[in-house]
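Good morning, everyone, and thank you for making time for this. Before I say anything, please take a moment to look at the sequence and the model on the screen.

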Amino acid sequence: MIALFIALAGSLGGVARFILDGHIRTKASHNFPWATLLINSSGSLLLGMVSGIVLKHHGFTHAEAIIGIGFCGGYTTFSTASFETVRLLEERRYGSAFSNAAGGALLTVAAAALGVAIGLRF
Amino acid sequence: MPKKIARRSYDSHPNLPFDPDSDRHAIARPIHADTAHIAVVALGAFFGTLARYELGVLFPTKTDGWPMTTLLINVSGAFVLGLLLQMLLNHGRDAGKLRALRLLLGTGFLGAFTTYSSLATSAALLMRDDHVLLASMYILVSVIAGIIAAALGIRVAEHRGARS
């Protein structure tokens, strides 16, 4: 039964990504995948917070699984990020490709770490 | 003579989408995704999330262990996305049924199947437990393997498209 709720949350996350992505694309530069970076970072911040709370309370409740595995997992995406880096490489924009790949990794890990720190305080 | 006159003057795959998760037309008109498109993304994302969750239950990662399951999910997802997007391109313009397929399988399923938040949080937690080298290797391997996988997916579909 929990699987159903996790999948539903993931569905919501995917939709949130889709809508936000389109929104950001019209505002930011079309030449760099800012949308995916923003989405992945915010999702990692949230999952970090959930994980911090789990650590603090020494256990996983359904809510954390639904928000973490479900929503955050559906919201963030690794495949899109990888594809976009490849596209930048295909355009021979090596600096941008590196920025996207390295930036994506650094920003998301930093966001997750921050989230964990915050979550531990709950 | 200015340094950069034309941006994106070179592109080896000009017809592949730059951002596979959004609607190309979202630039032309105000951001308002159709209900049908949202439903299609929701459907794909439902199953993508379910698949990821079930695989996580089947192959759990030990605390402070190498997150192999997430890595394999992410890299395989990147490969299939490259494959998918090129295959769709082989069949025609990103419109109508082809676009619906992209949103269902790419944005929806693969977008939800793969996860950056798990990658980042696993790495952050590993670092917190002083497994800095392990975390760094995991991040590096994930990112590089993901890029190679996506590129490979595109190439494979390109090759098949060229032969048909």
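I will go through chain B, then the nonpolar core, and then the pockets and the cavity.

Please keep in mind throughout that what you see is a predicted model.

Let me begin with the layout of chain B, which has five helices and zero strands, so that you can follow the chain by its helices alone when you read along from the N terminus, in the order α-α-α-α-α. Of the 164 residues in chain B, buried ones make up 45%. If we take the contacts in chain B with a separation of 6 or more, 77% of them are accounted for by residues 24 or more positions apart.

Now to two of these helices, starting with α1(B), which has 24 residues and reaches 35 Å from its first C-alpha to its last, close to the 34 Å expected at 1.5 Å a residue. Several of its residues are buried, among them B:His37, B:Val41, B:Phe46, B:Arg52 and B:Tyr53. And what covers the buried residues of α1(B)? The cover includes α1 (2-27) and α3 of chain A, together with α2 and α3 of chain B.

The helix α4(B) has 13 residues, and from its first C-alpha to its last it reaches 18 Å, close to the 18 Å expected at 1.5 Å a residue. Its buried residues include B:Tyr116, B:Ser118, B:Leu119, B:Ala123 and B:Leu126. After α4(B) comes B:Asp130, whose phi is positive, near 65 degrees.

Let me pause at one residue of helix α2 of chain B, namely B:Thr70. Is B:Thr70 buried or exposed? Its relative accessible area is 16%, and because residues under 20% count as buried, B:Thr70 is buried. Leaving out residues up to four places away in sequence, B:Thr70 touches B:Thr115, B:Ser118, B:Leu119 and B:Tyr138. Two of these partners, B:Ser118 and B:Leu119, are themselves among the buried residues of α4(B).

That brings me to the largest nonpolar core, and to the question of which of its 32 residues touch the most other members. They are B:Tyr116 and B:Val143. Both chains take part in this core, in that α4 (78-90) and α5 (94-119) of chain A, together with α2 (68-91), α3 (96-113), α4 (116-128) and α5 (132-163) of chain B, each supply at least two residues. The largest share, nine residues, comes from α5(B).

If you look at B:Tyr116 in the model, you will find that, not counting residues up to four places away in sequence, the residues it touches include A:Asn40, A:Ser44, A:Phe78, A:Ala81, A:Ala101 and A:Ala105 from chain A, as well as B:Val143 from chain B.

Next, the pockets. The largest pocket has a volume of about 970 Å³, and it is lined by 33 residues, of which A:Phe60, B:Thr61, B:Ser118, B:Ser122 and B:Leu125 lie nearest its centre. Two or more residues of the lining come from each of α2 (34-57) and α3 (62-75) of chain A, and from each of α1 (35-58), α2 and α4 of chain B. Which element gives the largest share of this lining? It is α4(B), with six residues. In character, the lining of the largest pocket divides into 14 nonpolar, 14 polar and five charged residues.

The second largest pocket has a volume of about 310 Å³. It is lined by 16 residues, and those nearest its centre are A:Ala101, A:Ala102, A:Ala105, B:Leu140 and B:Val143. Here the elements that give two or more residues are α4 and α5 of chain A together with α5 of chain B, and the largest share, seven residues, comes from α5(A). This lining divides into 14 nonpolar, two polar and no charged residues.

Finally, the cavities: the structure holds three of 30 Å³ or more, and about 120 Å³ of space lies in the largest cavity. Of the 16 residues that line the largest cavity, the closest to its centre are A:Ala81, A:Thr85, A:Asn100, A:Ala101 and B:Tyr116. The element that gives the most to this lining is α4(A), with five residues, and the lining as a whole divides into eight nonpolar, seven polar and one charged.

If you keep one residue in mind from this talk, I would suggest B:Tyr116, which is buried in α4(B), touches the most other members of the largest nonpolar core along with B:Val143, and is one of the residues closest to the centre of the largest cavity.

Note on methods: Residues are numbered from 1 along each chain as its sequence is written. Chains are lettered from A and ligands numbered from 1 in the order in which they are written. This is a predicted model: local features need pLDDT of at least 70, side-chain atom pairs count only at pLDDT 80 or more; totals for chains, interfaces and linings use all residues. Side-chain values use heavy atoms; hydrogens and water are left out. A nonpolar core is a set of buried Ala, Val, Leu, Ile, Met, Phe, Trp, Tyr and Cys residues joined through side-chain atoms within 4.5 Å. Buried means under 20% relative accessible area, exposed over 50%, partly exposed in between (1.4 Å probe, protein chains only). Helices (H or I, at least four residues) and strands (E, at least two) are DSSP runs, numbered from the N terminus. Contact means heavy atoms within 4.5 Å. The expected span of a helix is 1.5 Å times one less than its number of residues. On a 1 Å grid over the protein atoms alone, a cavity is a set of points where a 1.4 Å probe fits but cannot get out, and a pocket is an open set with protein on both sides within 12 Å along at least five of seven lines; lining residues have an atom within 4 Å of a point. Grid points are joined across faces, edges and corners, and a volume is the space filled by probe spheres set on the points. Ala, Val, Leu, Ile, Met, Phe, Trp, Tyr, Cys and Pro count as nonpolar, Asp, Glu, Lys and Arg as charged, and the others, Gly among them, as polar.
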